[in-house]
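Biologist: Thanks for sitting down with me! Could you walk me through the spaces inside this one?

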Amino acid sequence: MKIFEYAKADSPEAAVADIGAGTKFIAGGTNLLDLMKLQIETPDKLVDISRLDLAAIEDTADGGVSIGALVPNSDLAADRRIIAGYPVLSRALLAGASGQLRNKATTGGNLLQRTRCYYFYDTAMACNKRAPGSGCSAIGGFNRILAILGTSEQCIATHPSDMAVAMRALDATIVTLKPDGDKRRIAIGDFYRLPGDTPQIETVLKPGELITHVELPPPPKGAQLYRKVRDRASYAFALVSLAGIISVENGKISVAALAFGGLGPMPWRDAAVEAALIGQPPSTATFEAAADALLADARGFGSNDFKIPLTRRLLIACLRDLTDAPGNAR
Ligand SMILES: Cc1cc2nc3c(=O)[nH]c(=O)nc-3n(C[C@H](O)[C@H](O)[C@H](O)COP(=O)(O)OP(=O)(O)OC[C@H]3O[C@@H](n4cnc5c(N)ncnc54)[C@H](O)[C@@H]3O)c2cc1C
Ligand code: SF4
């Protein structure tokens with residue numbers, strides 16, 4: 001591991017002060033330390049933010065909740081307000097990693113964890129995300145876990161977070177503090193970037209910008225579920241996952257919010273899928289139309305072709321369960 005400077009911050013303002021180009025924040029360290037050991041992240045300085053006063057879950061004036069960036073994933077999953085109002089989020093968190101990791105992993109760190117593409121972690125292989133301009137070993141290589149939507153000729157990696165998928169369905173807002181002292185609020189739908197020609201730039205965060213909170217709007221109407229398809233029953237990243245919120249009123253779907261993991265470079269949400277559902281009666285024809293809308297532009301790269309029919313079946317099964325849920329009687 002490269003030698004680096006280490007500093008502990010005692011306030012968010014102190015954390016963002018004196019940020020240089022080679023500075024990284026460290027929270028739980030469960031992703032960053034692994035990347036440093038492999039020489040994939042090589043910061044000159046680490047600013048330890050783990051002791052900042054950002055570990056509370058609080059009610060907001062509009063009936064939603066504010067989640068501090070340092071709330072551990074396990075505390076968030078167990079919070080009574082999250083279980084009651086946002087069960088999709090609690091279930092997504094519990095579907096991620098292991099108990100020990102969830103105790104260390106933080107809300108901000110989880111949103112910013114890097115892809116699990118095998119070639120990104122193998123410094124002997126070409127990877128445009130790790131070494132811009134070097135090429136992409138996954139295109140034409142072994143790409144079983146990689147993306148079928150939102151890819152570019154430069155990168156086909158997926159975003160690995162389960163939590164972020166639920167937050168995308170819930171329309172979360174990410175609150176940040178910039179080095180100049182300005183705060184900003186970023187809708188999660190605007191937070192992640194498609195890879196295009198610059199796959200190494202994954203979010204709209206500016207250098208040195210600290211996530212301080214994530215805000216959720218008031219609990220949505222309707223049934224919620226999180227379902228994750230993976231190679232093992234636990235301790236594995238998603239091949240495909242779905243965070244769904246559906247309400248049925250007077251025999252028609254009135255609310256539809258669906259976000260997918262394992263399909264794209266960001267928690268994936270597609271307005272066309274929701275438009276295909278809203279105002280329609282729950283039926284196999286309606287669910288198939290939604291799957292057609294989602295997968296119209298899907299492209300497999302060989303070993304991950306199976307994700308296309310798998311996603312179709314997962315979506316249709318989840319829509320059936322959501323529209324059959326108590327309170328959503330047809
Ligand atoms: C074996 C294993 C299995 C896993 N399985 C899953 C899984 O199934 N599903 C899943 O979702 N995740 C999984 N994870 C990933 C795990 O959830 C993440 O490593 C964790 O959430 C990262 O949080 P952290 O606090 O440790 O982040 P860190 O490692 O401390 O930081 C990660 C990145 O975020 C930046 N950062 C952290 N906090 C902030 C902040 N407040 N503002 C700005 N930047 C910040 C850091 O600079 C760094 O770049 C797994 C991890 C491991 C090791
Ligand atoms: S898919 Fe992206 S992360 Fe994986 S090797 Fe290609 S450029 Fe690197």
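Biologist: By class, how many nonpolar, polar and charged residues does the shell around ligand 2 have?

Modeller: Happy to help, and keep in mind that the model is predicted. Around ligand 2 there are 14 residues, with Cys117, Cys127, Cys136, Cys155 and Ile156 coming nearest. Cysteine and isoleucine both count as nonpolar. Sorted by class, the shell around ligand 2 comes to ten nonpolar, three polar and one charged.

Biologist: Where does ligand 2 sit?

Modeller: The search turns up one cavity of 30 Å³ or more. A molecule sits in a cavity if more than half of its atoms lie within 2 Å of the grid points. Ligand 2 is placed by that test in the largest cavity.

Biologist: What volume does the largest cavity have?

Modeller: Its lining has 16 residues, and Cys117, Cys127, Lys129, Cys136 and Cys155 lie nearest the centre. By class, that lining divides into ten nonpolar, five polar and one charged. The volume of the largest cavity is about 80 Å³.

Biologist: Now the second largest pocket: which residues of its lining are the closest to its centre?

Modeller: This pocket holds about 230 Å³ of space. Of the 22 residues that line the second largest pocket, the closest to its centre are Arg116, Ile145, Phe237, Ala238 and Leu239.

Biologist: And how do the residues lining the second largest pocket divide into nonpolar, polar and charged?

Modeller: Arginine counts as charged, while isoleucine, phenylalanine, alanine and leucine count as nonpolar. Over the whole lining of the second largest pocket, the division is eleven nonpolar, seven polar and four charged.

Technical notes:
Residues numbered from 1 in each chain as written. Chains lettered and ligands numbered in written order. Predicted model: local features only at pLDDT ≥ 70, side-chain atom pairs only at ≥ 80, totals over all residues. Heavy atoms only, no water. Near = heavy atom within 4 Å. 1 Å grid on protein atoms, 1.4 Å probe; cavity = no way out; pocket = protein on both sides within 12 Å on 5 of 7 lines; lining within 4 Å. Points joined across faces, edges and corners; volume = space filled by probe spheres on them.
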